[in-house]
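Colleague: Please take one part of this model and go through it closely for me: the place where the ligand sits and the open spaces around it. I would like one connected account.

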Amino acid sequence: MSGPLVLALESSCDETGLAIVEGGRRIHANVVASQVALHAATGGIVPEVAARAHLRWVVPVMDEAWNAAGITWDDVDAVTVTYGPGLAGSLLVGINFAKALAWVHDKPLVGVNHLEGHVYAAWLLDPREDERPEPPFPLVALVVSGGHTFLAEMRDHLTYRLLGQTVDDAAGEAFDKVGRLLGLGYPGGPAIQRAAESATARDRVFPRAWLGETYDFSFSGLKTAARRIIDAARAEAGLADQPDVSLPDPLVAELAWGFQDAVVDVLVTKTIRAARATGARSIVVGGGVAANAALRQRMTEEAAALDLPLIVPRPGLCTDNGAMIGAAGARRFLAGERAGLDLDARPSLPLATR
Ligand code: KG4
Ligand code: ZN
């Protein structure tokens, strides 16, 4: 493999990630310090707490990645960093650290869109993974994270045509909210997956919001329905007036399964329909919710039925990490993009679509 060697930083939300990536694909090091345990205590992210944790962890994460990669600054072609979307305070920690590194070592600085990073995670190769072809264009990309849910068509690198997006909650947000309703704690996604895996009854059907033939998504109605179904289940279990008593595990499992199935059904159906309608030659999926085993399995089955190559990164590369910023950052670097030392956080940065 060849191509630029980039140092990549991600700090937009609650993971401090730093990676060394070669040619936009090969991971040399990828270290992530997760704040999950920290935010579990408050049942969600407190932005100031997140920013302080990035500040606490960015140097140790850098040291670990640097030692793992075994490189020198002479080898590094650029410093790439997420500048949005995300939490302003969290973004600023990564941006300022990246600026300092770029300035001190006289390296170009490249700003990266976090959402583009989730798409480009599909190009990554682990350190000892065999070479495999790049996802062929045109392709359909589904990004499902805690803050975003969209489907886009890519006919070439770095160009996106938005096909549809959520009109209310992001898929991950829905997982987190329903996880809380089920008493499963934060973050809800992995907890709902675990609970659903132990479901023995699968009789409770949750509603699907199809929004006609569009590629848009809506999850807020599902959340409201989940609240209603969970309240009904509590009443059935005689727990209606005992809010501190949790539902029995088998019931939680059944509800988790029903909710997860509804989300997966809509995500997969729309992605497959988009792939067929646009004549896609492959599908890529990214973002934290793409770590979900049920989503991965159903998408794999349906893509295989159409003989469409599907690339879903391993779960650790679906959730936030530095390597995905190195993958997208290298493409931006090769396209000639450079950021100045005035690069600022863009909390609501949209994906650059045409
Ligand atoms: O991409 P990500 O790490 O951060 C954002 O950019 O938002 O996504 C985090 C989201 C959270 O909502 C989390 O609950 C969800 O991804 N998530 C999952 C799973 N793992 C993480 N959702 C469903 N199943 C999972 N296994
Ligand atoms: Zn993300």
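Modeller: A backbone N or O atom of Gly-288 lies 3.0 Å from an oxygen atom of ligand 1. This is a predicted model, and the distance is to be read as such. A second backbone contact comes from Gly-189, where an N or O atom is 3.1 Å from an oxygen atom of ligand 1. Gln-193 uses its side chain instead: a polar atom there is 2.8 Å from a nitrogen atom of ligand 1. Of the 550 Å² of accessible area that ligand 1 has on its own, the protein covers 89%.

The contacts belong to a wider set of neighbours. There are 19 residues around ligand 1, and those that come nearest are Gly-146, Asp-176, Gln-193, Gly-288 and Asn-292. Two of these names, Gly-146 and Asp-176, return in the description of the largest pocket, where they lie nearest the centre together with Asp-14, Tyr-186 and Pro-187.

The largest pocket has a volume of about 1,000 Å³, and 40 residues line it. Two or more lining residues come from each of β3 (26–34), α4 (114–120), α5 (171–181), α6 (188–197) and α10 (315–318). The element that gives the most is α5, with six residues. Both domains take part: domain 1 (5–126 + 316–334) and domain 2 (139–312) each supply at least three residues to the lining. By class, the lining holds 18 polar, 13 nonpolar and nine charged residues.

Pro-187, one of the residues nearest the centre of the largest pocket, also has a backbone feature to note. The peptide bond that joins Tyr-186 to Pro-187 is cis, with omega about -10°. Pro-187 lies in the loop between α5 and α6, and both of these helices give residues to the pocket lining. Another cis peptide bond joins Phe-137 and Pro-138, with omega about -5°; Pro-138 is found in the loop between α4 and β6 (139–144). These bonds are worth a remark because most peptide bonds are trans.

Next comes the second largest pocket, with a volume of about 260 Å³. Its lining has 13 residues, and Trp-257, Gln-260, Ala-293, Ala-294 and Gln-297 lie nearest its centre. The elements that give two or more residues here are α6, α8 (249–278) and α9 (293–305), with α9 giving the most, five residues. By class, this lining has five nonpolar, three polar and five charged residues. Helix α6 thus appears in the lining of the largest pocket as well as in that of the second largest.

There is also closed space. The structure holds one cavity of 30 Å³ or more, and about 50 Å³ of space lies in the largest cavity. Among the residues lining this cavity are Pro-207, Arg-208, Ala-209, Phe-217, Phe-219 and Val-266. By class, the cavity lining has seven nonpolar residues, one polar and one charged.

One more backbone point concerns Leu-211, which has a positive phi of about 50° although it is not a glycine. Leu-211 is placed in the loop between α6 and α7 (220–236).

Methods. Residues numbered from 1 in each chain as written. Chains lettered and ligands numbered in written order. Predicted model: local features only at pLDDT ≥ 70, side-chain atom pairs only at ≥ 80, totals over all residues. Heavy atoms only, no water. 1 Å grid on protein atoms, 1.4 Å probe; cavity = no way out; pocket = protein on both sides within 12 Å on 5 of 7 lines; lining within 4 Å. Points joined across faces, edges and corners; volume = space filled by probe spheres on them. Helix = DSSP H or I, 4+ residues; strand = E, 2+ residues; numbered from the N terminus. Nonpolar A, V, L, I, M, F, W, Y, C, P; charged D, E, K, R; others polar. Domains from an automatic or database assignment. Near = heavy atom within 4 Å. Polar contact = N/O pair within 3.5 Å; in protein donor to acceptor, adjacent residues only side chain to side chain. Areas by Shrake-Rupley, 256 points an atom, 1.4 Å probe, with all protein chains shown as cover.
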